[in-house]
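Here's a quick walk through one protein model, with a few spots picked out for a closer look. Keep the structure open while you read.

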Amino acid sequence: MEIKNLEYHKDRWLGGSLSAEQLIAFEDNIIEHWEEGEITGPIHLSNGNENELIEIFKKIGANDWVFSTWRSHYHALLHGVDPKSLKQKILDGKSITIIDKESNFYSSAIVTGTLPIALGVAKALKLKGSDEKVWCFLGDMAFETGLFYEVHKYARNYDLPLYF
């Protein structure tokens, strides 16, 4: 599956120009590979929240940092992870641990796994005087942990550029 009409920034494409239909088509293609037994690891799909994520990612800059969970395909695509590279990582069984340093994108299958890292990046950005932001996506389980509250409290107390 190929996603066309891509917008580029610093020699990498920006996912912000993707439509809900393109996101769904990407994951539908992943489902086909799964059903054919071509994916050796677990996958977690995001169908149903495409339009909301597209709106959120309109606020996320190309150089901002995005931290996600085990259900990160849409986040990765919308933040600029190359669809071909992402698809290959998924085919290689790495669906729930997508990392793309070129687009400042990191995900983890560990509940709250990215929270302290996101906090550290936000603090480093503030110390450097950067205008980049850190965006952290998490689920209900992570939101209800003490670690989330500690990270959130620290980020707010020190006015860090960290958004949940």
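## A surface methionine

Methionine 141 counts as exposed, because its relative accessibility is 59%. Keep in mind as you look around that this is a predicted model. You'll find Met141 in helix 6, which covers residues 140–143.

Which residues join Met141 in a nonpolar surface patch? The partners are Trp70 and Val111, and with Met141 they make a patch of about 280 Å².

## The sheet

Now for the sheet. Five strands make up an open sheet with mixed pairing, and their order is 4-5-3-6-7. Strand 4 (99–100) and strand 7 (162–163) are at the edges with a single partner strand each, so one side of each has no neighbour in the sheet.

Strand 3 spans residues 65–68. On one side, three bridges link strand 3 to strand 6 (residues 134–136), and the two run parallel. Strand 5 (residues 105–107) is also joined to strand 3 by three bridges, again in parallel.

## Residue by residue along strand 3

In a regular strand, side chains alternate between the two faces of the sheet. Here Trp65 and Phe67 point one way from strand 3, while Val66 and Ser68 point the other way. Are these residues buried or exposed? All of them are buried.

The pairings can be traced too. Valine 66 has tryptophan 135 of strand 6 as its bridge partner, and phenylalanine 67 stands opposite cysteine 136, also in strand 6. Towards strand 5, serine 68 has serine 107 as its bridge partner.

## Serine 108, just off the sheet

Serine 108 sits in the loop between strand 5 and helix 5 (115–128). Why does serine 108 count as buried? Its relative accessibility is 14%, and the cut-off for buried is under 20%.

What does serine 108 touch, leaving aside residues up to four places away in sequence? The list is Ser68, Thr69, Trp70, Ile96, Gly113 and Thr114. Two of these names have come up before: Ser68 belongs to the buried set on strand 3, and Trp70 is part of the nonpolar patch with Met141. The side chain of serine 108 also reaches the backbone nitrogen of isoleucine 110, at 3.0 Å. For a sense of scale, the C-alpha atoms of serine 108 and aspartate 131 are 25 Å apart, with their positions 23 residues apart along the chain.

## Two salt bridges

Side chains of opposite charge can pair when their charged atoms come close. How many salt bridges does the structure hold? There are two.

One joins the side chains of glutamate 55 and lysine 58, at 2.8 Å from N to O. Glutamate 55 is partly exposed, since its relative accessible area is 45%, whereas lysine 58 counts as exposed at 59% relative accessibility.

The other salt bridge is between aspartate 100 and lysine 89, whose closest N and O atoms are 4.0 Å apart. Aspartate 100 is in strand 4 and lysine 89 in helix 4 (residues 83–91), so this pair ties together parts that lie 11 residues apart in sequence. Aspartate 100 counts as buried, because its relative accessibility is 9%.

How values were computed. Residues numbered from 1 in each chain as written. Predicted model: local features only at pLDDT ≥ 70, side-chain atom pairs only at ≥ 80, totals over all residues. Heavy atoms only, no water. Buried < 20%, exposed > 50% of the residue type's maximum accessible area, 1.4 Å probe, protein only. Helix = DSSP H or I, 4+ residues; strand = E, 2+ residues; numbered from the N terminus. Pairing = 2+ DSSP bridges. Contact = heavy atoms within 4.5 Å. Polar contact = N/O pair within 3.5 Å; in protein donor to acceptor, adjacent residues only side chain to side chain. Patch = residues over 30% accessible without salt bridge, like charges linked within 9 Å, V, L, I, M, F, W, Y side chains within 5 Å. Areas by Shrake-Rupley, 256 points an atom, 1.4 Å probe, with all protein chains shown as cover.
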